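Morning, everyone. I have one structure to go through today, and I will keep to what can be read from the coordinates.

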Amino acid sequence: MTVSPSDYAIVFKKGEIVKEGRGFRFFCTPRIQYVIIPGNVKNITFVADQISRENQGVEVSGFAIWKVGEPKKIYQHFDFMQDEDTLEQVSVFLQDVVESAIRHMVANMTIEEVLRKRGTIIQQLKQELGYICEQWGIVVETIEIKNVRILSKTLFDNMQAQFRNSVRLEAERNTIETEKEIEEQKIRVSDQTKIIKQQSELADRERKKQLQLLEINDKTEVEKHRREQDHAIKKEEMAQKWELFKDEEDFKRQQMLEQRQTIVEEDKTQALQAELELKKKELEVELQKHDIAIQQLLVELENLKKDPRVIMAENLPGMLQNLKIERLDLGGTTLDTLIEGIKQVLENKK
């Protein structure tokens, strides 16, 4: 037996798996059993009609694509040894499950939700099929809803009429908004035109003002140049006058300095005279003091002349000459002692 690369084969011997996989060969003996599980994808279509939450009939149709994901699980739930196509049976079961799940969801939804929320329905279908796919070992590749049909023709017409009215209302609203926008655009264009005109007028005024300013600046420069020339001439005249004034001032200053010097010299002379007068008075005072001192010395001298010792001292040279003493060597004897000795000698002679 040769297994196709797209199919999965499981070989049993005495109830135990001896080999499994894709694209291999094995000998089929009486004691060998095997299961071949096709690996190609399957397509199912479903049509589910159900009353919505508003008690209105809705028909949902679509398709789903699935394949075997885990061969070891699916052969445990379905018999692949019979002649009938087992995968078709799985498709029928899966179709029943999908239609049942759709009826359950539509029963809890409004017609508007069923019409507009197809993605939500598909997502919920995949979630509800997740457990069954896990148990059976299959994988749902995709689920798509092709059509949602309202079974009541009157309701369908009314909904279409409502839709048409809403579309017409929306169109009229869009027309009004468009006309309004066009009018606003016209107003904006008019306002922009006015603004541009005002800006142009302002630019012209600004240009005229700039020209006037340039003209004024030119006149100002001319006047400034003229004033600078006048100022230079006046400055030169002032400089000349200042030189003359400076010379006169120097002469006057020289005279004032000479006068001040004369005054200073006179002040110095007066100060010297005052100092001389002061010195003269001090000298006179000193002379008076010397005179007084001389008088005191004369008085003291007169007093000394009355002292016998003084008289003896005065007569001592004559006495020494009478005694024919040429040299008097006192040695350690004082004059007073000598005089006392002489005095006693004289007294003894008397």
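I will start with the overall layout, then take two helices, the core, and a few salt bridges.

Please keep in mind that this is a predicted model. The protein chain has 7 helices and 6 strands. Starting from the N terminus, the order is β-β-β-β-β-α-α-α-α-β-α-α-α. Of the 350 residues in the chain, 19% are buried. The exposed surface of the chain comes to about 27100 Å², with 53% of it supplied by carbon and sulfur atoms. If you take contacts with a separation of 6 or more, residues 24 or more positions apart account for 60% of them.

Now helix α2. Its 22 residues should span 32 Å at 1.5 Å a residue, and the end C-alpha atoms are 32 Å apart, so the two values agree. Which residues of α2 are buried? They are Thr86, Leu87, Val90, Ser91, Leu94, Val98, Glu99, Ala101, Ile102, Met105 and Val106. The cover over them includes β4 (42-51), β5 (57-68), α1, α3, α4 and β6.

Next is α4, residues 118-136. With 19 residues at 1.5 Å each step, the expected span is 27 Å; the end C-alpha atoms are 26 Å apart, which agrees. There is a bend in α4 of about 40°, at Gly130. Buried in α4 are Ile121, Ile122, Leu125, Leu129, Cys133 and Trp136. Among the elements covering these residues are α1 (71-77), α2 (86-107), α3 (111-116) and β6 (138-150). Just past the end of α4, Gly137 has a positive phi of about 80°.

On to the core. The largest nonpolar core has 39 residues, and those with the most contacts inside it are Val60, Trp66, Ile74, Ile102, Val114, Leu125 and Ile143. At least two residues of this core come from each of β1 (8-13), β3 (32-37), β4, β5, α2, α3, α4 and β6. The largest share, 8 residues, is from α2. What does Ile74 touch, leaving out residues up to four places away in sequence? The list is Ile37, Val68, Phe80, Leu87, Val90, Trp136 and Ile138. There is also a second, separate core of 6 residues, including Val3, Ala9, Val11 and Phe24.

Last, the charged pairs. The structure holds 12 salt bridges, and I will show three pairs and one network.

The first pair on my list is Lys73 with Glu70, at 3.4 Å from N to O. Lys73 has 24% relative accessibility, so it counts as partly exposed. Glu70, at 37%, is partly exposed too.

Then Glu99 and Arg103, whose side chains meet at 3.9 Å, N to O. Both lie in α2, 4 residues apart, about one turn of the helix. Is Glu99 buried or exposed? Glu99 counts as buried because its relative accessibility is 11%, and the cut-off for buried is under 20%. Arg103 is partly exposed, with a relative accessible area of 28%.

The remaining pair is Asp204 and Arg207, at 2.6 Å from N to O. Asp204 has a relative accessible area of 33%, so it is partly exposed, and Arg207 is partly exposed at 48%. The two sit in helix α5 (residues 153-305), and because they are 3 residues apart, about one helical turn separates them. As for the network, Glu223, Arg226, Arg227 and Asp230 are joined into one by salt bridges that share partners.

That is where I will stop; questions are welcome.

Definitions and conventions
Residues are numbered from 1 along each chain as its sequence is written. This is a predicted model: local features need pLDDT of at least 70, side-chain atom pairs count only at pLDDT 80 or more; totals for chains, interfaces and linings use all residues. Side-chain values use heavy atoms; hydrogens and water are left out. The expected span of a helix is 1.5 Å times one less than its number of residues. The bend at a residue is the angle between axes fitted to the seven residues ending there and the seven starting there. Buried means under 20% relative accessible area, exposed over 50%, partly exposed in between (1.4 Å probe, protein chains only). Contact means heavy atoms within 4.5 Å. Accessible areas come from the Shrake-Rupley method with a 1.4 Å probe; for residues, only the protein chains shown count as cover. A nonpolar core is a set of buried Ala, Val, Leu, Ile, Met, Phe, Trp, Tyr and Cys residues joined through side-chain atoms within 4.5 Å. A salt bridge is a side-chain nitrogen of Lys or Arg within 4 Å of a carboxyl oxygen of Asp or Glu.
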